[in-house]
Amino acid sequence: MNKMVDGTKKYFKRNAGILIGLALICIVITVNSPQFLTQNNIMNVLRQISSNMFLASSMTMVLIAGGIDLSVGSGIAMIGVMAGTFLNMNIPIPVVIIICLIAGALIGSVNGTIISRTTLPPFIVTYSIQSILKGGTYVFTGGTTVRIDNRVWTNLGTGYAFGVIPYPVIYLSVVFVIVWLVLNKTKLGRHIYAVGGNEKAARFSGINVIRTRMFVYIFSGVMAALAGMVLCARQYSGNPLAGDGAEMDAIAACVLGGTSMAGGYGFIGGTLIGALIIGLLNNGLNLMGIDSYWQIILKGVVILAAVYIDYLKNLKKSKAN
Amino acid sequence: MNILAEQYLLEMKNIHKRFPGVYALKGVSLQLKAGEVHALLGENGAGKSTLIKILGGIYSKDEGEIYIEGKKTDIKSVNDARAAGISIIHQELVLVPYLTVAENIFLGREPKKKSGFLDEDEMIRRTGEILNELGLSIRPTDVIADLNIASQQMVEIAKAISFGSRIVVMDEPTSSLSDKEVDMLFANIKKLTQRGIGIVYISHRMSELDAIVDRVTVLRDGEYIDTVATKDTTNDELVAMMVGRSLDNYYVRTYNKCEKTVLEVKGLNNNKLHDVSFDLREGEILGFAGLVGAGRTETVRAIFGLDKLDSGSVKLDGKELAGKKPSEILKAGICLVPEDRKAEGLFPEMSISFNETLKVLDQFIKGISVDHNKEQEIIDRYIKALSVKVADVENPISSLSGGNQQKVIIGSWLAAGPKILILDEPTRGIDVGSKSEIYTIMNELAKQGVSIIMVSSELPEVLNMSDRIVVMCDGRINGVMDHTEATQEKIMQQAVLV
């Protein structure tokens, strides 16, 4: 019990900067829009952040392991189109889910194999794979959207458990718990920190660096598949444009949450707050009726401000040392 | 000017520095004469680095005064220090690797032509002058990354000279140099002193003191102990001043009967090694001597599966390990503690406990259940065994002093409970008191039947700790001798024998 209190204290201390940011955003939106604090809207926001949170969860691991995965955005589009096509061929839903997850794992293992077996930079490798997937999806669809009429499938993205909690929020919770457990309670988790913190030392410590890297990229591919399936169910269609730039939102959520882009440092709990900030921003700016072009600018400003607060906090800490 | 008072080049008087929770310097003084090499001695955490950082303008002092050539000087920033003629050459060199020597020396103050473009000819000409003056065979157009560490150090010195520095601080300049390179460095230091430059010299190698140092100031736990002339003191007296007690049994070794062979290495060949064969017995300390580049580190890397082998076999208790991955070799019971423990052993962002237990996660993590009591037990055991000074094991390891970081890392390998422990330069960068602790632990492990391969460039260490000594030269084993017949001369003969 004491340990839990300690853990909670640590969590607030570590994330003080962005928690304040999150609170500020909530206050501003609440003052400006009475709809914001309704149960309906909150569930809506949670549903909206689920796709980003899937990607951000695995991205946290990838970044901690010293990598980056830019291919997840176009993975979303590819998987959405793929799921739609298979559903329209009347393939049973469980089979579609399994095929999609395997496809995601395959994308991840291509990334992982190239990155862990060569010294090619992960940025370029996953950027190239992103381009290949994106192009492939356009070629396959001819640029058009694949409609999904399967109501059971779309319900998996749009429906509610117990009439209140959107299904995606449940998937999200499961993913969050899994990632938290892996990072904090398993050997694999410590190996991920070790590989990103000092690859040479990890090798001397007898850690299988290749296998650790493979895991994070495969997991990342699987999360992209999950996000792709949920998004196409929510949108009643597989859209080759879906997920465009989603990898950047995921990275932003991680960095807002304190994860280092240089590897070796990061926390899934912080990423959750990061994803909330980005999600609330989108939602709140909409509610406040702000022009959508302006929203893009404001998003940049708020993210910059949030990481700057964090930087100031760290500066103070390093001065105290 | 007062002729009676001795004119010091640099005088630091009664310096105090407090950090939150630590009283780092308690009235320390240092007097440097022109043309002298003045060693600053003390264990890790004695306050040497803090004093140097105050001199270099990185920290500001709480109390005390600094005089340069008798004039009171305020040093508040790195630029102040530079303007006062102080240059500090850090242990980790701070040259830009892919720029040339000239570009590095003039970094940030490049001469420009009237057109505003760089005047490269001028840069190269002026660099050439400085290099010539120092008698160095380095060209101004050489790229830093192509130079060996000794040459890079010379470039740092040249840089200091180019600033017109009269006070040069060298922080462990020899820690990564070969014997030949050390000789070169010493010759250059002599040249500097002839020009009236004063040198503050920090080193853990006592043997270097007689070679070049004129006077020694000893610090202990942030306090000034004494300043003495090298020629009037023995190394033992200095060690006693540093640790506050005399280390009678500096090298601790009880020899065991080693008969059973545990590791058989046969005919290792790759691009760095030629037919390397030897065997290691149970409870034995096998010393590997030789010059830098002789293939000692390469041999242990090959055994640990880090470098590829063209041919050869490594048998542990009859089981073939050649061609296996480091992770499998570690599981089989062989640990390699690397030479550069900072770069190859440390996870600087992570906590002390993370660093201490990374190799033994199996012992307390099963699936997703972490046995925190067991974890704490492992940490306590090794932190105590190596007497690491720790406030909270959840603090990042970077909060510890360099020597304590080393001890945590070495402890993390000991925790793995290896059958065979390979130590590459086990005491590099470690202070005298801790060295003795590490020797004690090595001896204890050998007594318990652990076999140790110790690669070391410090001959006294090899001679006093090994059962047998392997001498390598140019990727080959030139000889194996028993400790009873080994002498410094015999080892050196074989180390350079063609």
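In this predicted model, strand β21 (residues 468-473) of chain B runs antiparallel to β22(B), and six bridges tie the two together. Picking out one of those rungs, M472(B) has I477(B) as its bridge partner in β22(B). This pair of strands belongs to an open sheet of six, with mixed pairing and the order β16-β19-β20-β13-β21-β22 in chain B. The ends of that row are β16 (334-337) and β22 (476-482) of chain B; each of these edge strands has just a single partner, so one side of each has no neighbour in the sheet. Going from one strand to the next, the twist averages 15°.

Helices lie across this sheet too. Helix α15 (residues 432-447) of chain B lies over β13 (285-289), β19 (420-424) and β20 (451-455) of chain B, and its direction is at about 145° to β20(B). Helix α17 (residues 488-496) of chain B, for its part, crosses β13, β21 and β22 of chain B, running at about 30° to β21(B). Strand β13 of chain B thus turns up on the list for α15(B) and again on the list for α17(B).

Chain B also has an open sheet of four strands, and here the pairing is antiparallel, in the order β2-β1-β4-β5. What sits at the edges this time? The answer is β2 (22-32) and β5 (71-72) of chain B, each with a single partner strand, so one side of each is left free of any neighbour in the sheet. Packed on this sheet is helix α1 (residues 48-55) of chain B, which touches β1 (10-19), β2 and β4 of chain B and makes an angle of about 115° with β1(B). At the β5 end, β4 (residues 63-68) of chain B pairs with β5(B) in the antiparallel sense over two bridges. One of the residues involved is Y67(B), whose bridge partner in β5(B) is K72(B).

A little further along chain B comes A84(B), in the loop between α2 (78-83) and β6 (86-89). Setting aside neighbours within four places in sequence, A84(B) is in contact with I68(B) and T73(B). Then there is R166(B): 82 residues separate it from A84(B) in sequence, yet the two C-alpha atoms are 8.5 Å apart in space.

Elsewhere in chain B, strands β11 (residues 261-269) and β14 (residues 311-316) pair in the antiparallel sense over five bridges, with V265(B) standing opposite V314(B). Strand β14(B) also pairs with β15 (residues 319-320) of chain B, again antiparallel, over two bridges. In that pairing K315(B) faces E320(B). The hairpin made by β14(B) and β15(B) has two residues between its strands, and D317(B) takes a positive phi near 50° there.

Next come the empty spaces inside the model. Rolling a probe the size of a water molecule over the atoms shows where such space is left. How many cavities of 30 Å³ or more does a search of the whole structure find? It finds five, and the largest holds about 110 Å³ of space. That largest cavity is lined by 13 residues, and the ones closest to its centre are E172(B), R205(B), R428(B), G429(B) and E458(B). Sorted by class, its lining has six charged, six polar and one nonpolar residue.

Finally, the aromatic rings. Counting over all chains gives nine aromatic pairs. Among them are F215(A) and F219(A), whose ring centres are 5.8 Å apart and whose planes are at 20°; planes under 30 degrees apart count as stacked, so this pair is stacked. Both residues lie in helix α11 (residues 209-234) of chain A, and because they are four residues apart, about one helical turn separates them.

Key:
Residues are numbered from 1 along each chain as its sequence is written. Chains are lettered from A and ligands numbered from 1 in the order in which they are written. This is a predicted model: local features need pLDDT of at least 70, side-chain atom pairs count only at pLDDT 80 or more; totals for chains, interfaces and linings use all residues. Side-chain values use heavy atoms; hydrogens and water are left out. Contact means heavy atoms within 4.5 Å. On a 1 Å grid over the protein atoms alone, a cavity is a set of points where a 1.4 Å probe fits but cannot get out, and a pocket is an open set with protein on both sides within 12 Å along at least five of seven lines; lining residues have an atom within 4 Å of a point. Grid points are joined across faces, edges and corners, and a volume is the space filled by probe spheres set on the points. Ala, Val, Leu, Ile, Met, Phe, Trp, Tyr, Cys and Pro count as nonpolar, Asp, Glu, Lys and Arg as charged, and the others, Gly among them, as polar. Two strands pair if DSSP finds at least two bridges between them. Axes are lines fitted to C-alpha atoms, for helices over the stretch in contact, and angles run from 0 to 180 degrees between N-to-C directions. Rings of Phe, Tyr and Trp (its six-membered ring) pair if their centres lie within 6.5 Å; planes under 30 degrees apart count as stacked, over 60 as edge-to-face and the rest as tilted.
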